[in-house]
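Student: I'd like to go through a structure with you, one question at a time. Could you put it up so that we can both look?

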Amino acid sequence: MPRRRQALLLPGRNYSVQGPLLMYTHVALQSRGAHTYPIQWTDVDRLAADHQTMVEGVCEQTEAVLDRVHNDDPPLLVGKSLGTAAALLAAHHGLPAIWFTPFLQHYPIVKALRRATAPFLLIGGTADPAWNEALARELPGEVCEIRGADHGMFLRGRPLVDSAHALADVIEAVEAFIDTAVWPRHG
């Protein structure tokens with residue numbers, strides 16, 4: 001019997017699962033037969049109050065969903081910004097992950113990424129204060145970096161079509177990662 005493909009979608013503080021990064025990833029996952037679980041944070045402003053509250057709250061709320069869906073096939077975690085605090089759960093449970101604009105300035109998140117045993121993809125932009133190019137490249141995961149992109153993955157001050165091309169590059173990296181590292185296609 002084939003295993004059930006599952007993914008949890010973990011939004012940012014001001015970036016819902018309808019935002020283009022998570023929305024396109026959602027469609028990519030569903031086209032591969034995955035059942036997706038979009039999370040909506042409870043009391044998001046409290047979660048974002050400080051680093052410790054963020055990590056504990058995101059992990060607690062994610063774990064509640066994870067407990068309901070975890071079976072013999074580890075679910076994929078897909079997080080944006082605030083949602084990347086779940087990197088601690090990914091490391092603890094050996095779960096594959098896609099992390100959009102991860103908080104690479106938060107030590108607990110970086111520590112978790114360093115000890116991750118499952119494949120992960122980091123996606124960030126060089127104009128994002130949360131991104132650290134050198135650190136991203138020394139971590140054990142794959143990296144998709146967009147030169148000049150900010151925390152929303154926009155190329156500010158440039159024609160909007162440049163941001164659309166950047167989004168296409170990101171989605172191409174996401175699909176390649178899913179098809180090679182998470183659920184490899186055979187044949």
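Tutor: Here is a predicted model, and what follows is a set of questions and answers about its sheet, helices and loops.

Student: Let's begin with the sheet. In what order do the six strands of the open sheet lie?

Tutor: The sheet is an open one, and its pairing is parallel. From one strand to the next, the twist averages 15°. Reading across the six strands, the order is β2-β1-β3-β4-β5-β6.

Student: Which strands stand at the edges, and why is one side of each left without a neighbour?

Tutor: A strand at the edge has a single partner strand, so one of its sides has no neighbour in the sheet. The strands in this position are β2 (35–38) and β6.

Student: How many bridges join β5 to β6?

Tutor: Strand β5 covers residues 120–125 and runs parallel to β6. Within this part of the sheet, Leu122 stands opposite Val143 of β6. The number of bridges joining β5 to β6 is five.

Student: And at β2, which residue is the bridge partner of Gln6?

Tutor: Gln6 belongs to β1, where it points the same way as Leu8 and Leu10. β1 pairs with β2 in the parallel sense, over four bridges. The partner of Gln6 in β2 is His35.

Student: How many of the residues of β1 are buried?

Tutor: Look at both sides of the strand: Gln6, Leu8 and Leu10 point one way, while Ala7 and Leu9 point the other way. Residues on either side are buried, and the strand is mostly covered. The count of buried residues in β1 is five of five.

Student: Now the helices. Which strands does α7 lie across?

Tutor: It helps to take α1 as well: α1 lies across β1 (6–10), β2, β3 (76–80) and β4, at about 165° to β3. Helix α7 runs at about 175° to β6. The strands that α7 lies across are β3, β4, β5 and β6.

Student: At what angle do α1 and α7 pack?

Tutor: Helix α1 spans residues 20–31, and its axis is 10 Å from that of α7. The crossing of these helices is right-handed. Their packing angle is about 35°.

Student: How do the residues of that contact divide into nonpolar, polar and charged?

Tutor: From α1, the contact takes in Pro20, Leu21, Tyr24, Thr25, Ala28 and Leu29. From α7 come Leu167, Val170, Ile171, Val174, Glu175 and Ile178. Sorted by type, the contact has ten nonpolar residues, one polar and one charged.

Student: Let's turn to the loops. Is Thr101 buried or exposed?

Tutor: Thr101 sits in the loop between β4 (97–100) and α5 (107–114). Its phi is near 45°, a positive value in a residue other than glycine. With a relative accessible area of 0%, against a cut-off of under 20%, Thr101 is buried.

Student: What is the phi of Met153?

Tutor: Met153 is found in the loop between β6 (142–146) and α7 (160–182). It is buried, at a relative accessible area of 7%. Although Met153 is not a glycine, its phi is positive, at about 65°.

Student: Which residues does Thr84 touch, not counting those up to four places away in sequence?

Tutor: Thr84 has its place in the loop between β3 and α4 (87–93). It is buried, with a relative accessible area of 0%. The residues Thr84 touches are Gly79, Trp99, Phe100, Thr101, Pro102, Phe103 and Ile109.

Student: How far apart are the C-alpha atoms of Ala34 and Pro75?

Tutor: Ala34 is in the loop between α1 and β2, and it is buried, at 8% relative accessible area. Not counting residues up to four places away in sequence, it touches Arg5, Gln6, Leu29 and Trp183. Along the chain, Ala34 and Pro75 are 41 residues apart, yet their C-alpha atoms are separated by 9.3 Å.

Student: One last thing: how many disulfides does the structure hold?

Tutor: Take two cysteines as a start. Cys59 is buried, with a relative accessible area of 11%, and Cys144 is buried as well, at 10%. A disulfide needs a pair of cysteine sulfur atoms within 2.5 Å, and the number of disulfides in this structure is zero.

Note on methods
Residues numbered from 1 in each chain as written. Predicted model: local features only at pLDDT ≥ 70, side-chain atom pairs only at ≥ 80, totals over all residues. Heavy atoms only, no water. Helix = DSSP H or I, 4+ residues; strand = E, 2+ residues; numbered from the N terminus. Buried < 20%, exposed > 50% of the residue type's maximum accessible area, 1.4 Å probe, protein only. Axes fitted to C-alpha atoms, helices over the stretch in contact; angles between N-to-C directions. Left-handed = near helix turned anticlockwise from the far one by under 90°. Contact = heavy atoms within 4.5 Å. Nonpolar A, V, L, I, M, F, W, Y, C, P; charged D, E, K, R; others polar. Pairing = 2+ DSSP bridges.
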